[in-house]
Each structure stands twice: as structure tokens, then as C-alpha cells.
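Biologist: I have a structure open and would like to learn how to read it. Could you take me through some features, one at a time?

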Amino acid sequence: MVKIAPSLLAADFSCLAEEVKKVEEAGADWLHFDVMDGHFVPNLTMGPQIVQSLRKKSRLFFDVHLMIENPDRYLEMFASAGADLLTVSAEACTHLHRVVQMIHKLGLKAGVALNPATPLSCLEYLLDDLDLVLIMSVNPGFGGQKFIPSTLKKLQQLKKMVGDRQIEIQVDGGINKDTAPLVIEAGATVLVAGTAIFAQNNIVQAIKMLQTEKKKL
């Protein structure tokens with residue numbers, strides 16, 4: 001079943017606990033944290049303290065994407081804070097396989113994210129060690145961007161690469177009621193949605209809308 005992972009990047013930071021409660025009660029499967037350092041991507045967002053404070057308020061699966069330089073330095077911090085899965089950007093890791101091993105040694109699930117222009121070939125010898133692959137369907141750094149159509153072909157190719165492996169295929173960027181059915185059909189199993197959920201007047205309705213879209217397929 002396709003999972004819905006609301007992205008906190010689009011939430012109201014003045015009342016995060018309430019925002020998380022809303023999406024959890026509305027039927028969200030995961031909670032997505034976009035961690036940005038202002039170096040790897042041109043934005044600053046949140047750190048392990050946010051993860052730790054919200055861990056006390058939610059039972060959702062905490063999906064943390066580290067869009068930061070030298071992510072290996074911070075893995076233990078986010079693990080201790082309560083993350084369930086740590087995803088690192090392939091472009092930020094000199095020794096990608098080693099970082100994946102470090103995540104697993106901390107007892108967490110490990111994912112690798114690819115920017116729009118990064119080819120799937122960098123995962124060829126790593127797939128057997130991954131729990132998730134995140135395909136960015138916008139250039140990372142800011143929410144509310146328009147979906148990049150070539151992502152669909154990339155998802156289709158990744159689905160073939162993954163084969164029978166138990167690997168989640170996640171997509172993040174421009175996901176809404178129009179693009180959700182397309183990425184699901186192309187192979188996505190986890191949808192990250194930010195403004196399509198948190199920027200709506202009725203968050204419950206927004207979650208249900210995406211769930212309705214996935215049930216049609």
C-alpha cells in the first residue's frame with residue numbers, strides 16, 4: 001500500500017506539535033523531516049532537537065532526510081533524537097556505502113536520495129543494502145516547487161532496478177492530487193507532500209484527498 005508522508009517543511013513552525021497531531025489523526029503513515037544546512041542546499045530548516053521534541057508527541061514513523069554536508073557526523077544525533085529512518089543525499093557523501101553501513105549499525109533503516117540530475121547508476125552496487133530510495137522530483141532546498149516531469153521515467157527505471165527487493169521508492173517534490181496518481185503508477189510507494197497538505201485550509205481533507213487518489217489506482 002502506498003504511504004503518505006507529510007513534510008514538516010510546509011508546516012506552521014509556531015505550532016508543530018499541533019500540526020503533527022492533525023496529520024496523524026488524518027491518517028498519515030509517516031512524518032517527513034527535511035533537514036537542511038544552508039550549504040548542501042540554499043536553505044536552513046531544522047535539527048535533531050525538533051525530531052526529539054516531536055518524538056514525544058507522535059507515534060508516526062519518523063522519516064528524516066539529511067540534506068546536509070558530511071551527514072555521517074550527525075547520524076548518531078538524529079538516531080538518538082528518535083528517527084526511524086535516515087536518508088542521505090548521494091551527492092553529499094564521498095563514501096556512500098560506508099554512510100549506509102553506519103546508519104544500519106545505529107539500528108535504523110537507511111535510505112539514499114538522488115537529486116533530479118543524478119543518474120540511477122550510482123545505486124547499482126548499493127541496492128542490496130538499502131531500505132529506501134528517494135527520488136527528488138524538484139531541486140532540493142525549498143517547498144512549493146513544480147514537479148519535474150522527467151521524474152516519471154526515472155521512477156519507472158528505478159522500479160525495474162529494484163525488482164523483488166524490499167525497498168521503498170519514495171518521491172518528494174510537487175506532489176499533489178494531479179501528480180500523485182502519476183508517480184504511483186510509475187512505481188512510487190511513499191509520497192512526500194508538503195504544501196499539498198499543510199498549506200490547505202483543511203489538513204484532514206488534504207490527507208484524505210491523496211489517499212483517495214491512491215485508491216483509484
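Biologist: Let me begin with a single side chain. Leaving aside neighbours within four places in sequence, which residues is methionine 161 in contact with?

Modeller: Happy to help, and please keep in mind that this is a predicted model. Once neighbours within four places in sequence are set aside, methionine 161 is in contact with Leu120, Glu124 and Leu127. Methionine 161 itself is found in helix 5, residues 151–162.

Biologist: Is methionine 161 buried or partly exposed?

Modeller: Buried means under 20% relative accessible area, and exposed means over 50%. Methionine 161 has a relative accessible area of 26%, so it is partly exposed. For a sense of distance, take serine 53: it is 108 residues apart from methionine 161 along the chain, and their C-alpha atoms are separated by 37 Å.

Biologist: Now a loop, please. Where is the place of glycine 187?

Modeller: Look in the loop between helix 6 (180–186) and strand 8 (190–193). A loop residue can be judged by its accessibility too: glycine 187 has 9% relative accessibility, so it counts as buried. With its neighbours within four places in sequence left aside, glycine 187 is in contact with Lys159 and Ile169. The C-alpha atoms of glycine 187 and isoleucine 169 are separated by 7.0 Å, while the two residues are 18 residues apart along the chain.

Biologist: What about asparagine 139, which loop holds it?

Modeller: Asparagine 139 sits in the loop between strand 6 (132–136) and helix 5. Its relative accessibility is 46%, so asparagine 139 counts as partly exposed. Beyond its neighbours within four places in sequence, asparagine 139 is in contact with Pro116, Gln145 and Ile148. Proline 116 is 23 residues apart from asparagine 139 in sequence, with 6.4 Å between them in space, C-alpha to C-alpha.

Biologist: And how does aspartate 178 count, buried or exposed?

Modeller: At 51% relative accessibility, aspartate 178 counts as exposed. You will find aspartate 178 in the loop between strand 7 (168–172) and helix 6. Leucine 210 is 32 residues apart from aspartate 178 in sequence and 9.4 Å apart in space, C-alpha to C-alpha.

Biologist: Backbone angles puzzle me. What is the phi of asparagine 70?

Modeller: Asparagine 70 has a positive phi of about 50°, although it is not a glycine. This asparagine lies in the loop between strand 3 (61–67) and helix 3 (75–81). With a relative accessible area of 34%, asparagine 70 is partly exposed.

Biologist: Let us turn to the interior. Which residues touch the most other members of the largest nonpolar core?

Modeller: The general idea is that in soluble globular proteins, nonpolar side chains tend to be buried together. Here, the largest nonpolar core has 65 residues, and Leu8, Val112 and Leu191 touch the most other members. Apart from that core lies another one, of eleven residues, including Ala5, Trp30, Leu85 and Val192. As for valine 112, its contacts beyond neighbours within four places in sequence include Thr87, Val88, Leu123 and Leu134.

Biologist: Stepping back, how many helices and strands does the chain have?

Modeller: Eight helices and eight strands. The radius of gyration is 16 Å, close to the 17 Å that the globule rule gives for 217 residues, so the chain is as compact as a globular protein of that length. Its C-alpha atoms fill a box of roughly 45 × 35 × 30 Å along the principal axes. Buried residues make up 53% of the 217 residues.

Biologist: What does the chain expose, and how are its charges placed?

Modeller: The chain exposes about 10400 Å², with carbon and sulfur atoms supplying 48% of it. There are 22 positive and 24 negative charges, and their mean positions are 4 Å apart. One last number for contacts: among those between residues at least 6 apart in sequence, 64% join residues at least 24 apart.

Conventions. Residues are numbered from 1 along each chain as its sequence is written. This is a predicted model: local features need pLDDT of at least 70, side-chain atom pairs count only at pLDDT 80 or more; totals for chains, interfaces and linings use all residues. Side-chain values use heavy atoms; hydrogens and water are left out. Helices (H or I, at least four residues) and strands (E, at least two) are DSSP runs, numbered from the N terminus. The radius of gyration is taken over C-alpha atoms; the globule rule is 2.2 Å times the number of residues to the power 0.38. Buried means under 20% relative accessible area, exposed over 50%, partly exposed in between (1.4 Å probe, protein chains only). Contact means heavy atoms within 4.5 Å. Accessible areas come from the Shrake-Rupley method with a 1.4 Å probe; for residues, only the protein chains shown count as cover. Lys and Arg count as positive and Asp and Glu as negative; His and the chain ends are not counted. The place of a charge is taken as NZ of Lys, CZ of Arg, CG of Asp or CD of Glu. A nonpolar core is a set of buried Ala, Val, Leu, Ile, Met, Phe, Trp, Tyr and Cys residues joined through side-chain atoms within 4.5 Å.
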